[in-house]
Amino acid sequence: MPRSSKVSRTTKETDVSVELTLDGQGTSEADTGLPFFDHMLQQLGKHAGWDLSVTSKGDLDVDGHHTVEDVGLALGQALAEALGDKAGIRRFASITVPLDELDISGRNFVLHEVDVPAETIGTFDTGLVEDFVRAFAQAADLTVHVRLRSGRSPHHVVEAEFKALAKALGDACAQTGRGGVPSTKGTL
């Protein structure tokens with residue numbers, strides 16, 4: 001059974017569509033109206049090994065916040081749906097790329113210690129990265145710790161965060177070949 005989902009989220013501020021296949025080829029595309037954010041979403045799909053398609057129309061004339069947060073919520077919901085009961089997943093993952101650790105626990109929590117210099121990359125406000133991570137973790141019920149060890153270029157800091165998140169998610173969502181939910185409680 002394929003681990004995939006399609007999610008649509010429509011509000012007065014945004015119209016988001018996400019298609020996700022966890023056991024994909026890393027083919028990803030994004031069209032949110034924020035080119036740098038599109039690039040980061042493509043990094044997420046590619047490095048997690050997911051097939052990912054994200055489209056969003058939003059009130060970018062106001063700013064990027066609603067688009068970035070709602071994409072995070074829709075993508076998090078898509079991940080939660082694609083994982084289903086989470087039977088057979090690895091669950092835990094940690095990676096240094098140079099940052100990130102992750103648990104698909106069913107309990108959302110975010111520690112975000114990334115001091116990205118306040119800057120705009122193209123049309124993308126780097127301060128929105130934490131909003132995306134929090135929205136995504138909330139909707140997918142993930143525990144995510146992101147720490148920056150070092151970095152100077154805002155572009156590279158943000159890109160490293162998305163790549164690290166992708167690699168940790170790819171590892172944590174991987175099928176182990178063992179049945180059952182990876183918890184002594186029998187549920188996540």
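The expected span of a helix is 1.5 Å times one less than its number of residues. Keep that rule handy for the exercises below, and bear in mind that this is a predicted model.

**Exercise 1. Check the length of helix α4 against the rule, then say how far α4 is enclosed.**

Solution.
- Step 1: α4 has 20 residues, and at 1.5 Å a residue they should span 28 Å.
- Step 2: Now look at the ends of α4: the end C-alpha atoms are 28 Å apart, which agrees with the expected span.
- Step 3: For burial, the cut-off is under 20% relative accessible area. In α4, 15 of the 20 residues are buried, so the helix is largely enclosed by the rest of the structure.

**Exercise 2. Do the same for helix α2, and look at what comes just after it.**

Solution.
- Step 1: α2 covers residues 65–83, and its 19 residues should span 27 Å at 1.5 Å a residue.
- Step 2: The end C-alpha atoms of α2 are 27 Å apart, so rule and model agree.
- Step 3: Of the 19 residues of α2, 14 are buried, so this helix too is largely enclosed by the rest of the structure.
- Step 4: Step past the end of α2 and you reach Gly-84, which takes a positive phi of about 60°.

**Exercise 3. Describe the overall make-up of the protein chain.**

Solution.
- Step 1: Start with the parts: there are 4 helices and 10 strands.
- Step 2: Put them in sequence order and you get β-β-β-α-β-α-β-β-β-β-β-α-β-α.
- Step 3: The radius of gyration is 16 Å, close to the 16 Å that the globule rule gives for 188 residues, so the chain is as compact as a globular protein of that length.
- Step 4: The C-alpha trace spans about 45 × 35 × 30 Å along its principal axes.
- Step 5: As for burial, 49% of the 188 residues count as buried.
- Step 6: Take the contacts with a separation of 6 or more: residues 24 or more positions apart account for 77% of them.

**Exercise 4. Work out which strands sit at the edges of the open sheet of 4 strands.**

Solution.
- Step 1: Write down the order, β5-β6-β10-β7, and note that the pairing is mixed.
- Step 2: β5 (92–94) and β7 (109–113) each have a single partner strand, so one side of each is left without a neighbour in the sheet, and these are the edges.
- Step 3: From one strand to the next, the twist averages 5°.
- Step 4: Zoom in on one pairing: β5 and β6 (residues 101–103) run antiparallel and are joined by 3 bridges. Here Ser-94 is opposite Glu-101 of β6.
- Step 5: Add a helix: α3 packs on the sheet and touches β7 and β10 (143–147), with its direction at about 160° to that of β7.

**Exercise 5. Compare the pairing of β1 with β2 and that of β3 with β4.**

Solution.
- Step 1: β1 (residues 4–10) and β2 (residues 14–21) run antiparallel, joined by 7 bridges. A hairpin of 3 residues connects β1 to β2, and Thr-10 is found opposite Asp-15 in β2.
- Step 2: β3 (residues 28–31) and β4 (residues 51–58) pair in the parallel sense, over 4 bridges. Asp-31 has Thr-55 in β4 as its bridge partner.
- Step 3: Look at how the side chains of β3 alternate: Ser-28 and Ala-30 point to one face and are buried, whereas Glu-29 and Asp-31 point to the other and are not.

**Exercise 6. Classify two of the aromatic pairs as stacked or tilted.**

Solution.
- Step 1: The count comes to 5 aromatic pairs.
- Step 2: The rings of Phe-36 and Phe-124 have centres 5.6 Å apart and planes at 45°, so this pair is tilted. Phe-36 in helix α1 (residues 35–48) and Phe-124 in strand β9 (residues 124–125) are 88 residues apart.
- Step 3: Both rings belong to buried residues: Phe-36 has 7% relative accessibility, and Phe-124 has 1%.
- Step 4: Phe-132 and Phe-162 form a stacked pair, 5.4 Å centre to centre with 20° between the planes. Phe-132 lies in α3 (residues 128–140) and Phe-162 in α4 (residues 154–173), 30 residues apart.
- Step 5: Phe-132 is buried at 1% relative accessibility, and Phe-162 is buried at 2%.
- Step 6: Ring pairs link Phe-36, Phe-37, Phe-124, Phe-132, Phe-136 and Phe-162 into a cluster.

Definitions and conventions: Residues are numbered from 1 along each chain as its sequence is written. This is a predicted model: local features need pLDDT of at least 70, side-chain atom pairs count only at pLDDT 80 or more; totals for chains, interfaces and linings use all residues. Side-chain values use heavy atoms; hydrogens and water are left out. Helices (H or I, at least four residues) and strands (E, at least two) are DSSP runs, numbered from the N terminus. Buried means under 20% relative accessible area, exposed over 50%, partly exposed in between (1.4 Å probe, protein chains only). Rings of Phe, Tyr and Trp (its six-membered ring) pair if their centres lie within 6.5 Å; planes under 30 degrees apart count as stacked, over 60 as edge-to-face and the rest as tilted. Two strands pair if DSSP finds at least two bridges between them. Axes are lines fitted to C-alpha atoms, for helices over the stretch in contact, and angles run from 0 to 180 degrees between N-to-C directions. Contact means heavy atoms within 4.5 Å. The radius of gyration is taken over C-alpha atoms; the globule rule is 2.2 Å times the number of residues to the power 0.38.
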